[in-house]
Amino acid sequence: MKVTIDGISVEVPDGTSILNAARIIGGDIVPPAMCYYSKLAGSGGKCRTCLVKVSKGSEKDPRPMPKLVASCRTNVMDGMEVQNITSPEVIEARKGVVEMLLINHPLDCPICDQAGECQLQDLGFEHGAVKTRYEFDRRTFNRIDIGDKIQLHMTRCILCYRCVYVADQITDHRIHGILNRGDHSEISTYIQAAVDNDFSGNVIDVCPVGALTDKTFRFKNRVWFTKPVEAHRDCDHEKCKGEVTLWYKGDDVLRVTARKDVYGEVEDFICNTCRFDKKKTADWVIEGPRKVSHQSVISSNHYDFTPLPVVKTNLVLQEANKEQFERETRL
Amino acid sequence: MEPLSNKRKVVDNKPLNFWERAYLPAIAQGLAITMKHFFRKPVTISYPEEKREFSENFRGMHSLKRDENGKERCTACGLCALSCPAEAITMTAAERQPGEENLYREEKYAAVYEINMLRCIFCGLCEEACPKEAIYLDGDIVPSDYLRKDFIYGKDKLVEAPLNP
């Protein structure tokens, strides 16, 4: 099937959603997604940030779709033409969606642990208005401990349902879900039953905001002061590959997360032993520093070390350079 | 050669007359000039007892502010340390416990907040970066000291005095 997104054509198999077709092309034209998660079946269609305009339905029926559609839930048709960033209507609608998401989301990024790697923060920065028009009190909740390692602060939740799908699909039996309806809906464990499962820690990684956070990392440090390093270990758990990102501050591992791709989705879900219990360098085989986009705040004040061309040919200089590099960049 | 300025003087080696040879009138004239300066307004001040008025945008020592209820404003977000070009600021955050609501404004606060005054270049970027209006460079000149470690200012020196002690 041939689909054209913002003037770029791509061949995709039948049944691909517009969002995934855009991800095959990649770059700026990929619609942002707060609730869709490619590793979780059934996710998407909740947040409406991935709205796009379909200017030509298909080759057979070239009429445009009457309204903007959620690209994560709309499959491509042959000859479909989609506009994302080239359509001012889409940009305007997305700005409205961001404002809607921020109605009940507290603007306390200075406190929140997710700041710096938060998708809602990026989205608000790109599309949001400077001021809020909402005059009423935001809804607030008390913090809930889901087990002794995960903390849920519903105040920050945007109800994307990702964690519910994780509990449904990745872990064995589901204890937490959404209670109540509409404006009153909230993520909760039923009567605060502890989620006790080998993979429950993944709800932290899939949360696009700071509603579900790691209690072992809570307020320890800001993400941009830590240094991400790729590492792996032989995990006993048969479903866990043990490939993770370690977040170092000095010599200490402050946090262990799964590796995330450019869309903020984990590559492989990791088990709770890897995430919470293995916080020593000796537990891991270090692969090297993680590549972080130079636009990300996480890469600020970390300098890339590129040796001079002469160093690349001279072995003595290479050795001296290696020593200096090890001295200067202590993990 | 043409003179380049009009300050050229022709040297004359005339012998001195009696008054010039007597030396004392020249001494008296010199002393008179010195005495005249005794009664002038001095150009120096005796710092630190006296201080000159600072300009309005003078940036001196940092202070961590409290809000109108006397709670500490700083929430240890780390944006000052991130913006600091001299990397002079370090901090450790802690979670506010129940019962400490009158001490700290937000649920997170800076348990340790240190500025190395020897590294600080008083550029004011921390002041601009602060989202909570917690840090201002409105203090005095940083006083001198003997040891390097004494220039690392902690919260005891930086936080404003409480409203009603």
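**Exercise 1. Determine what share of the 165 residues in chain B is buried, and describe the dimensions of its C-alpha trace.**

Solution. Buried residues account for 17% of the 165 residues in chain B; a residue is buried if 20 or more other C-beta atoms, placed from the backbone, lie within 10 Å of its own, exposed if 12 or fewer, and partly exposed in between. The model is predicted: local features need pLDDT of at least 70 and side-chain atom pairs pLDDT 80 or more, whereas totals for chains, interfaces and linings use all residues. Residues are numbered from 1 along each chain as its sequence is written, while chains are lettered from A and ligands numbered from 1 in the order in which they are written.

Next, consider the dimensions. The C-alpha trace of chain B spans about 95 × 45 × 30 Å along its principal axes. Its radius of gyration, taken over C-alpha atoms, is 29 Å, against a value near 15 Å for a compact globule of 165 residues; the globule rule is 2.2 Å times the number of residues to the power 0.38.

**Exercise 2. State which elements chain B contains and in what order they run.**

Solution. Chain B has 5 helices and 5 strands, where helices (H or I, at least four residues) and strands (E, at least two) are DSSP runs numbered from the N terminus. From that terminus the order is α-α-β-α-β-β-α-β-β-α.

**Exercise 3. Explain why helix α4 of chain A is largely enclosed, and locate the largest nonpolar core.**

Solution. Helix α4 (residues 162-169) of chain A has 6 of its 8 residues buried, and is therefore largely enclosed by the rest of the structure. Among the buried residues are A:Cys163, A:Val164 and A:Tyr165.

The largest nonpolar core comprises 76 residues, and A:Cys163 and A:Val203 have the most contacts inside it. Such a core is a set of buried Ala, Val, Leu, Ile, Met, Phe, Trp, Tyr and Cys residues joined through C-beta atoms within 7 Å. Its largest share, 5 residues, comes from α4(A). Because domain 1 (2-94) and domain 2 (102-214) of chain A both give residues to this core, it lies between them; the bounds come from an automatic or database domain assignment.

**Exercise 4. Characterise the side of chain B that touches chain A.**

Solution. The contact takes 13 residues from chain B and 8 residues from chain A, with two residues in contact if their C-beta atoms, placed from the backbone, lie within 7 Å. On the side of chain B, α3 (79-83) and β2 (89-95) each give two or more residues, and β2(B) provides the largest share, 3 residues.

Terms used:
Nonpolar A, V, L, I, M, F, W, Y, C, P; charged D, E, K, R; others polar.
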